[in-house]
Amino acid sequence: MKTAVSAASGRLGHAVLRELLANTVAKNIVAIARTPEKVLASGIEKRSGDYNSVESMSAALAGIDTLVMISAPVGNWDRILLHRNVIAAARQAGVRKIVFTSVIGNGQEQDTWFWGAQQVNRQAEADLQSSGLEWVIARNGLYLEMDLRHIIHANTSGVYRNVGGEGECGYITIDELAFAIARLAQSDHHNGRTFNLVGPNMSQAELVQLANEVLGLKVRYETLSDEENIALLMQDEKIAVRGKDVARMLTGCFQCVRNGAFNVRSDFEVAAGRPVKSTRKMMEELRAGPGDPVRPG
Ligand SMILES: NC(=O)c1ccc[n+]([C@@H]2O[C@H](COP(=O)([O-])OP(=O)(O)OC[C@H]3O[C@@H](n4cnc5c(N)ncnc54)[C@H](OP(=O)(O)O)[C@@H]3O)[C@@H](O)[C@H]2O)c1
């Protein structure tokens, strides 16, 4: 029985492929990507599949039993339609089950600038649940890699700032997410359920303190206003080219932290069959990881 990962050329896609391969032989795994040559895993079949096209995804899904459908990235396109295309293609191709990688949130995100982006994922969850396919929804917590990189960058000024304030959330590494997602794909025990995949909940100040200890940094945490945060984000070239709406959405993510919307119970252990690693352990692994820029300096 073949398991495929779509949008497999990204960070999460590669990690899920690695975890799937740890539990089965390569001929059972298929990577589907817009640009299959970007998929670096060797020994597995790579197929071309674009979320924009039902036909292309349907062809890519021929003979697939289970699909890990990684959510479409935020961009200047209709993500609800992209997710619907993949679900329609899976139905056409006779796929039995989809594991969809979604995003956490306990409902309190309604008053934040993240609400719109998040509702796209909630719509995909609803579309999947009414599709007639077997399903599992893996709601992912914030990537530890991403914010750790920002904290390391802040070592130059000595201050790490965002709008998260005293709010708590559970950071998790892409590898930990992939570990749980692969198990949800390769076992049918949890079909029809939604899981929050997060690490231990902590405040921004606690995260920064931990990064100081593990990575030998000297950074302190400060809160700033929503508008100040947008201005700060727009100084980043990569965000500036994507526009102010993206800066608002990213600010909204930390409004969610601030108001407790991302303070959710972790279902990692039920999903993965082992406890989630401590945040310290995850940081230590990132520090030791090959070629990852998550290092002091
Ligand atoms: N939890 C978090 O903190 C967090 C952070 C960032 C993102 N996310 C979400 O998680 C998802 C996966 O994250 P990631 O880290 O793997 O992102 P990533 O590394 O940016 O990868 C995104 C992937 O989406 C693919 N893609 C884009 N448009 C596509 C299309 N029309 N059809 C098929 N594939 C398409 C890209 O393919 P190409 O290589 O061809 O462009 C790439 O492989 C993101 O899409 C986003 O929704 C979560």
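What share of the contacts in the protein chain with a separation of 6 or more is accounted for by residues 24 or more positions apart? In this predicted model, such pairs account for 79% of the contacts in question. The chain carries 12 helices and 11 strands, and its radius of gyration is 19 Å, close to the 19 Å that the globule rule gives for 297 residues, so the chain is as compact as a globular protein of that length. Taken along the principal axes, the C-alpha atoms fill a box of roughly 55 × 35 × 35 Å, and buried residues make up 46% of the 297 residues.

The ligand is surrounded by 22 residues, of which Gly10, Leu12, Arg34, Tyr51 and Pro73 come nearest. Divided by class, the shell around the ligand comprises 11 nonpolar, seven polar and four charged residues. The element that gives the most to this shell is helix H1, spanning residues 11-21, with three residues. Leu12, one of the residues that come nearest to the ligand, is also among the buried residues of H1, a set completed by Gly13, Ala15, Val16, Leu17, Glu19 and Leu20. An α-helix has 3.6 residues a turn, so residues three or four places apart point the same way. The packing partners of the buried residues of H1 are strand E1, strand E2 (29-33), strand E4 (64-70), strand E5 (97-103) and helix H6 (174-186).

The loop between strand E1 (2-6) and H1 contains Ala7, for which phi is near 55°, a positive value in a residue other than glycine. Ala7 counts as buried, because 24 C-beta neighbours lie inside 10 Å, where 20 or more are required for that class.

Strand E5, one of the elements against which the buried residues of H1 pack, includes Ile98. With 25 other C-beta atoms within 10 Å, Ile98 is likewise buried. When residues up to four places away in sequence are not counted, Ile98 touches Leu67, Met69, Ile87, Ala90, Leu128, Leu133 and Trp135. Ile98 and Asn191, although 93 residues apart in sequence, are separated by 9.3 Å in space, C-alpha to C-alpha.

Two helix pairs that involve helix H5 were examined. Helix H5 (residues 144-154) packs against helix H7 (residues 204-215) at an angle of about 70°, the two axes being 11 Å apart, and H5 and H7 are therefore roughly perpendicular to each other. On the H5 side this contact is made by Asp147, Leu148, Ile151 and Ile152, and on the H7 side by Leu207, Val208, Ala211 and Leu215. The residues of the contact of H5 with H7 divide into seven nonpolar, no polar and one charged.

The second pair consists of H5 and helix H12 (residues 279-288), whose axes come within 11 Å and cross at roughly 70°, which makes H5 roughly perpendicular to H12. Here Leu144, Glu145 and Leu148 of H5 meet Thr279, Met282, Met283 and Leu286 of H12, and by class the contact of H5 with H12 has five nonpolar, one polar and one charged residues. Leu148 thus appears on the H5 side in the contact with H7 and again in the contact with H12.

Two partly exposed positions may be set beside the buried ones. Trp115 lies in helix H4 (residues 115-129) and counts as partly exposed, because 17 C-beta neighbours are found inside 10 Å, a number between the limits of 12 or fewer for exposed residues and 20 or more for buried residues. Apart from residues up to four places away in sequence, Trp115 touches Glu109 and Gln110. Trp115 and Asp127 are 12 residues apart in sequence, and their C-alpha atoms are 18 Å apart in space.

Arg193 belongs to strand E9, which spans residues 193-197. With 14 other C-beta atoms within 10 Å, Arg193 is partly exposed. Between Arg193 and Met249, 56 residues apart in sequence, the distance in space is 28 Å, C-alpha to C-alpha.

Notes:
Residues are numbered from 1 along each chain as its sequence is written. This is a predicted model: local features need pLDDT of at least 70, side-chain atom pairs count only at pLDDT 80 or more; totals for chains, interfaces and linings use all residues. A residue is near a molecule or strand if its C-beta atom, placed from the backbone, lies within 6 Å of it. Helices (H or I, at least four residues) and strands (E, at least two) are DSSP runs, numbered from the N terminus. Ala, Val, Leu, Ile, Met, Phe, Trp, Tyr, Cys and Pro count as nonpolar, Asp, Glu, Lys and Arg as charged, and the others, Gly among them, as polar. The radius of gyration is taken over C-alpha atoms; the globule rule is 2.2 Å times the number of residues to the power 0.38. Two residues are in contact if their C-beta atoms, placed from the backbone, lie within 7 Å. Axes are lines fitted to C-alpha atoms, for helices over the stretch in contact, and angles run from 0 to 180 degrees between N-to-C directions. Angles under 35 degrees count as roughly parallel, over 145 as roughly antiparallel, 65 to 115 as roughly perpendicular and the rest as oblique.
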